[in-house]
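I opened a fresh page of my notebook for this one. Here is what I looked up, entry by entry.

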Amino acid sequence: MDAVEPDENPSLIRLFESAELSAFLRGTSRYFLETLPEIGRTDADVREMGETLRDWGREVSDADESAIHVHFAQVFEVYLLEGEAPSVALRTVFEHFAEWLLHVYGALRGLDVTLSPDIRDLLLRMLATHAAIEEARDDMSAGMLFTGGKTAGLSADEHRRLRRLHEEADDEAHQKLRRQVMKPIFLARQDWYRKERETVKAISTRTLQAVPIYQAIQALRFGTDFDGKPVGRIKLDRDILERDFGLKPLSSKADGGEEELDHANAFAGREGIHPDIAAGMYGFDSGRTFLQAVVQARPIELAIELLTERTMVERHGDLLLDGQLEGEALKALHGDKRRAFLLAELNALSQLSGGEATTRYEVEGNVHRLFSALKVSSATDFDRHLAAERKGAAEAAEAFAKDDLSQAAEAKRRQLMACHFYMAASAKAEELEALIDRMATLDAMDDERAGGAEADHHQAVRALAAKFGLASKPVRFDMDGWLEQMKEDDLVL
């Protein structure tokens, strides 16, 4: 789909520079929706999207164009942050709009455009989602076999159906992953999250205000502690800083100083104290290490924000920061639409090679029968299932390229089965994680839990665990012992 070029539309650039996210989405959606009819004259898929929007518009706003633009932006914002679309057809439109936004953003990155922080964060998260899904798709060889000139034997409708299923599978993957990547933006809008962040920030403030170097900086700058109590205004001797340490507080490196001391006027004076004395006052072993700490210390306001943010990420997660983006992209790629596409491609290969069609129920039945006979360690071996899926995809592509459709169908069947196994393994791993979380509550001491019926229930479970050797005594559940026993038993699912 063609895109409006930003350098030809000054108003579009101004929208990207807007400080308000909702206004940005309203304006860009208007550009997008006004472009669709023109492109739809030569593109059947875009024409179909336009029809979907017209039908939806009649339902939500009696086809009032301005109201449709506003409502589209509102629903798209919900889709970005929560992953909810009114319909599969509208999800396809939203995904094309998201792709269009990224195209415009990519063009703007080469121009001298300053984006507002909110819009930049949103677009960077959209871009990260798109890149992660594309990388996962390449890794899994999850493209279509029937492309270009390799469509012989399929009718135009059959090929279009395959292509549509493939696009829907990609859209589903982007939707699932983007919802997780956008979680921090979504949470930041919740009242409970803002209150929790305020509490965490207060704790972070007290923590950093107790750090000696920040206490020293506070005294050097203001002559008080953080509660405003006078501690005696002290200065570092300017001549000693320059003569003994090569520091020129009022000069930059370019002027000959080895370092530039932040807040120089507050820290240095003509009749100040020796850095060694200041070092002893705040627990440093020498004036040099003290000065290094002063120079390297972030402004406390920034340090508080960073510590607060890090704590909130540790509590609630952020796929862009916690190193889990790649794994979650693989999970997102394995969805119901992906399985439906692989089954449709398998049946297309079977049809062209004279084989029999396979139903979804046959595949699911075989997977259930085989998967349920596996032990936990084998069933949740994600790498094994992914390797089998990659191998099936590669062998299917190789056979298809040689026009060996029968062999391609057999390899595609193995790819489909491995995809089902991976999804079943993911579901089983989530069940085990939930079970471990529930059992972990039994590992808490009684005085950490509420009283009443709940406490009685936990004591009863502990007593039962003690009877079978899973607790050292009825009042303490042996969590580590239970986990070790589970690993040793390696039960069949």
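Which helix gives the most to the lining of the largest cavity? I found that helix 17 does, with three residues.

Before going on, I noted that this is a predicted model, where local features need pLDDT of at least 70 and side-chain atom pairs pLDDT 80 or more, while totals for chains, interfaces and linings use all residues. Residues are numbered from 1 along each chain as its sequence is written, and side-chain values use heavy atoms, without hydrogens and water.

**Entry: the whole protein.** I counted 23 helices and four strands (DSSP runs numbered from the N terminus: H or I of at least four residues, E of at least two). Of the 493 residues, 42% are buried (under 20% relative accessible area, 1.4 Å probe, protein chains only).

**Entry: the cavity.** I took a cavity as a set of points on a 1 Å grid over the protein atoms alone where a 1.4 Å probe fits but cannot get out; lining residues have an atom within 4 Å of a point. A volume is the space filled by probe spheres set on the points, which are joined across faces, edges and corners. I got one cavity of 30 Å³ or more, and the largest has a volume of about 70 Å³. Helix 17 (336-352) and helix 21 (405-440) each give two or more residues to its lining. Among the lining residues I listed Met140, Ser141, Phe341 and Lys412.

**Entry: helix 6.** Residues 117-139 form this helix, and its end C-alpha atoms are 32 Å apart, which agrees with the 33 Å expected for 23 residues at 1.5 Å a residue (1.5 Å times one less than the number of residues). Its buried residues include Ile119, Arg125 and Arg137. Serine 141 follows helix 6 and has a positive phi, near 50°.

Technical notes:
1 Å grid on protein atoms, 1.4 Å probe; cavity = no way out; pocket = protein on both sides within 12 Å on 5 of 7 lines; lining within 4 Å. Buried < 20%, exposed > 50% of the residue type's maximum accessible area, 1.4 Å probe, protein only.
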